[in-house]
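Please study the sequence and the three-dimensional structure shown below. The paragraphs that follow lead from the chain as a whole to a few selected parts of it.

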Amino acid sequence: MDVPRRRAAVLVAVLAMLPLGLGACGLGGDDGDGAPVIPEDGPEKSRAVVQAYLDAMTTKDVAAGRGQLCVPMQAAFDQAATGPNGDFADHFKVTEATITDVRPNGGQLEVSTSISALAGNGAATPAELLFTVAKAEAGWCIANETVAGASAAGPSPSAGGTTS
């Protein structure tokens, strides 16, 4: 395995192994029969939050990226995103990112993205990321992030790029 592919593999592994941060986020409320109510503007707000996060990744604006996360995710973000294998590390560059879907799931909203990232001088490596966006007391925020196909026990508070 060459060095760029190893770095990309490490990136995916880091994304899949970070601690879960859903604790204080959620849409709350129900429609009387126990089903959660998703506000009408939920899909639009969720897309905007993820877009802002992806834009922050492009510009390596750590504060802007952190600001899109629910409070429980921020400590993990601080440890992982700025570390040597985090997406805000200088040697990672997202070359393309697209929001591909927004859908409700269990009272929260899931925003699917497709990204391509360079690690060092290697070829771009594609990845699919799934963001869970929730309405918390302070507004809409990213409550979880996972590499698509990875275990739900392995969210990541760092990934992204630009959207097309």
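Helices and strands are here taken as DSSP runs, numbered from the N terminus: a helix is a run of H or I of at least four residues, and a strand is a run of E of at least two. On this basis the chain contains four helices and four strands, and their order from the N terminus is α-α-α-α-β-β-β-β. The model is a predicted one, in which local features need pLDDT of at least 70 and side-chain atom pairs count only at pLDDT 80 or more, while totals for chains, interfaces and linings use all residues. Residues are numbered from 1 along each chain as its sequence is written, and side-chain values use heavy atoms, with hydrogens and water left out.

The chain has 164 residues, of which 43% count as buried. A residue is called buried under 20% relative accessible area, exposed over 50%, and partly exposed in between, with a 1.4 Å probe and protein chains only. The accessible surface of the chain is about 7,900 Å², and carbon and sulfur atoms account for 53% of that surface; such areas are obtained by the Shrake-Rupley method with a 1.4 Å probe, and for residues only the protein chains shown count as cover. Contact means heavy atoms within 4.5 Å. Of the contacts between residues at least 6 apart in sequence, 59% join residues at least 24 apart.

Helix 2 deserves a closer look. This helix has 18 residues and spans 26 Å from its first C-alpha to its last, close to the 26 Å expected at 1.5 Å a residue; the expected span is 1.5 Å times one less than the number of residues. Its buried residues are G42, S46, V49, V50, Y53, L54, A56 and M57. Seen down the axis of helix 2, these buried residues fall within an arc of 155°, so they line one face of the helix; the arc is that of the directions from the helix axis to the C-beta atoms. An α-helix has 3.6 residues a turn, so residues three or four places apart point the same way. On the other side of helix 2, E44 and T59 are exposed. The cover over the buried residues of helix 2 includes helix 3, helix 4, strand 1, strand 2, strand 3 and strand 4. Just after the helix, K60 adopts a positive phi of about 60°.

One residue of this helix, G42, has a relative accessible area of 0% and is therefore buried. Beyond its neighbours within four places in sequence, G42 is in contact with L109 and W140. The C-alpha atoms of G42 and P104 are separated by 8.9 Å, although the two residues are 62 residues apart along the chain.

D101 lies in strand 1, residues 92-105. Because its relative accessible area is 30%, D101 is partly exposed. Residues up to four places away in sequence aside, D101 touches E110, V111 and S112. Of these, V111 is 10 residues from D101 in sequence and 5.7 Å away in space, C-alpha to C-alpha.

What joins C70 and C141? The two form a disulfide, with their sulfur atoms 1.9 Å apart; a disulfide is defined here as a pair of cysteine sulfur atoms within 2.5 Å. C70 lies in the loop between helix 3 and helix 4, and C141 in strand 4, so the pair ties together parts that are 71 residues apart in sequence. The torsion about the S-S bond is about 85°, so the disulfide is right-handed. Both C70 and C141 are buried.
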